[in-house]
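Hi everyone, thanks for coming. Today I'd like to walk you through the open and enclosed spaces in one structure, and then stop at a helix and some cysteines. Here is what we'll be looking at.

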Amino acid sequence: MNILSLFPAIPLLMMLGLWISKNLRQIHAVMVTGASALLALSVALVVLYLGMRADGQIAAMLFTGGFTWYAPLNIRYDVGVDGISVAMLLLSSVIVFTGTFASWKMTDGAKEFFMWFCLLSVGVFGFFISLDLFTMFMFYEVALIPMYLLIGVWGTGRKEYSAMKLTLMLMGGSALILIGILGIYFGSGATTMNIIEIASLHNIPLSLQKVWFPIVFIGFGVLGALFPFHTWSPDGHASAPTAVSMLHAGVLMKLGGYGCFRVAMFLLPDAAQELSWIFIILTAVSVVYGAFSACVQTDLKYINAYSSVSHCGLVLFAILMMNTTAATGAVLQMLSHGLMTALFFALIGMIYGRTHTRDIRELSGLMRIMPFLSVCYVIAGLANLGLPGLSGFVAEMTIFNGAFMENDTFHRVATIIACTSIVITAVYILRLIGKILYGTCTNPEHLKLTDATWDERLAVIVLIVCIAGLGLAPMWVSGMISDSVVPMISHILN
């Protein structure tokens, strides 16, 4: 078996193990074993990649393999990874591992919850390793379908409404993606749906590219919270259980940015150059709008959800700049945001589990009551606003530096507008930290609350170590990413 096929295979085996589990202890054993195996596998893949890179053996795609799946349409199960894919697999493994411990106390329907959680993981891992367009789309759908039940059954608040809204909007985006990839396949004259083969042909007429590019970009952009198709995101995040919010914001939304780059721009490069200005405007609006919206929210999850709209907007904004520095920053931002937002949602879930409220007007003085969780929340906030030494600074500065390298008025004005989000983010993060963590606790019941348990500490410490590691030593990650970004940008511009 190809090593990459182990990534979707392990969650499938976890589902089988969960199905035969008899009690909560066995469920936890299956989840910890499987999540640890995924994390170890992704780390091993990174080590293998870095070793091949040091030996000068890096090719366009590594660990490739596959077989014919549906001959009439030349659909194949083709897999392979480059530096971008390896980084995304590592991120996904970290979030699955920490999400398992963040859900440790779940008892109601735990077996079914974790089975759907594993199915969601199958889709995510399968998407990042796929080289065949249809196989990629299939895994994309597998990742989306469990969200409806995970939110609708185990969520909170207006969970049925949020689950339905999320599902309908993302399925609308999926319809656009399917139309687009079929248009690319038949328009390219390729003999397979393999992304590398279609890109090498580079023979789709510009007139057709102008039709399919906006369709595919918007299709993936819906999941990437592209304005004005972002409205599902805040409601979905607010109602989702903790681990689902972590995986949804931390990984699932990255499928949108990854698809926009790997499919829309890489396979339709001429149209990307012609039409990028339209989406630069939309993504700049996403960045600023998301930050301003976070300022006026009073629910902790809504604040983080709108913050995600802003930060995911930066990913698409950077990709559209079509230069190596900005695109490298975009992938770093996917990693950074995935870790930061997973940490935020984990901490919010832990605070909500104790206080039974997410309303910042009802929270104060938590630093004295639960100091460990409060300090971790401060670290997450500082990473979010781009403090040097943490992952947010590395990602955002790379993006803005790359975007400002475009020597024309339009791109530089758009970059300056997007840069204002840094100040706005600092406003709502510092206001939030000051409001809920410091001051005097006004609710006597909150004085009886306890701090984080061992499972919660493990989850947040792993995420904080990753955030600090990316911020303090980014070169090994950025070098791995640049190996793949450079040829992709060269292909798009040529």
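Let me begin with the lining of the second largest pocket: by class, that lining has 12 nonpolar residues, 1 polar residue and no charged ones. Please keep in mind that this is a predicted model.

So where does that lining come from? Two or more residues each are given by helix H3 (83-102), H14, H19 and helix H20 (475-493). There are 13 lining residues, and those that lie nearest the centre of the pocket are Leu-90, Leu-339, Cys-466, Leu-470 and Trp-476. As for volume, this second largest pocket comes to about 230 Å³.

Now turn to the largest pocket, with a volume of about 570 Å³. Its lining has 24 residues, and Ala-102, Met-106, Thr-242, Gly-349 and Gly-353 are the ones that lie nearest its centre. Which helices supply at least two residues of this lining? They are helix H10 (242-252), helix H14 (324-355) and helix H19 (454-472). H14 gives the most, with 5 residues. By class, the lining of the largest pocket divides into 9 nonpolar, 8 polar and 7 charged residues. If you have the model open, look at H14 and H19: both give residues to the lining of the largest pocket, and both also give two or more to the lining of the second largest.

Next, the enclosed spaces. How many cavities of 30 Å³ or more does the structure hold? It holds 5. In the largest cavity there is about 50 Å³ of space. Its lining includes Ser-188, Ile-198, Ala-199, His-202, Phe-266 and His-491. Helix H7 (195-201) and helix H11 (254-267) are the elements that give two or more residues to that lining, and H7 gives the most, with 3 residues. The class split here is 7 nonpolar, 5 polar and no charged.

The second largest cavity also has about 50 Å³ of space. Among the residues that line this cavity are Ser-310, His-311, Asn-384, Glu-396 and Thr-425. Helix H13 (300-320) and helix H18 (409-437) each give two or more residues to the lining. By class, we have 3 nonpolar, 5 polar and 1 charged.

Now for a quick look at a helix, H5, which covers residues 133-154. With 22 residues at 1.5 Å a residue, H5 should span 32 Å, and its end C-alpha atoms are 32 Å apart, so the two values agree. Have a look at the start of H5 as well: there, a side-chain oxygen of Asp-132 reaches to within 3.0 Å of the backbone nitrogen of Phe-134.

Finally, the cysteines. The structure holds 0 disulfides. Cys-118 is in no disulfide, and the nearest cysteine sulfur is that of Cys-466, 20 Å away. You may remember Cys-466 as one of the residues nearest the centre of the second largest pocket. Is Cys-118 buried or exposed? Its relative accessibility is 1%, so Cys-118 counts as buried.

And why is Cys-419 not bonded to the closest cysteine? The closest cysteine sulfur, in Cys-295, is 17 Å from the sulfur of Cys-419, which is too far for a bond. Cys-419 has a relative accessible area of 26%, so this residue is partly exposed.

That's my tour, and I'm happy to go back to any of these views.

Terms used:
Residues are numbered from 1 along each chain as its sequence is written. This is a predicted model: local features need pLDDT of at least 70, side-chain atom pairs count only at pLDDT 80 or more; totals for chains, interfaces and linings use all residues. Side-chain values use heavy atoms; hydrogens and water are left out. On a 1 Å grid over the protein atoms alone, a cavity is a set of points where a 1.4 Å probe fits but cannot get out, and a pocket is an open set with protein on both sides within 12 Å along at least five of seven lines; lining residues have an atom within 4 Å of a point. Grid points are joined across faces, edges and corners, and a volume is the space filled by probe spheres set on the points. Helices (H or I, at least four residues) and strands (E, at least two) are DSSP runs, numbered from the N terminus. Ala, Val, Leu, Ile, Met, Phe, Trp, Tyr, Cys and Pro count as nonpolar, Asp, Glu, Lys and Arg as charged, and the others, Gly among them, as polar. The expected span of a helix is 1.5 Å times one less than its number of residues. A polar contact is a pair of N or O atoms within 3.5 Å; within protein, one must be able to donate a hydrogen and the other to accept it, and residues adjacent in sequence count only if both atoms are side-chain atoms. A disulfide is a pair of cysteine sulfur atoms within 2.5 Å. Buried means under 20% relative accessible area, exposed over 50%, partly exposed in between (1.4 Å probe, protein chains only).
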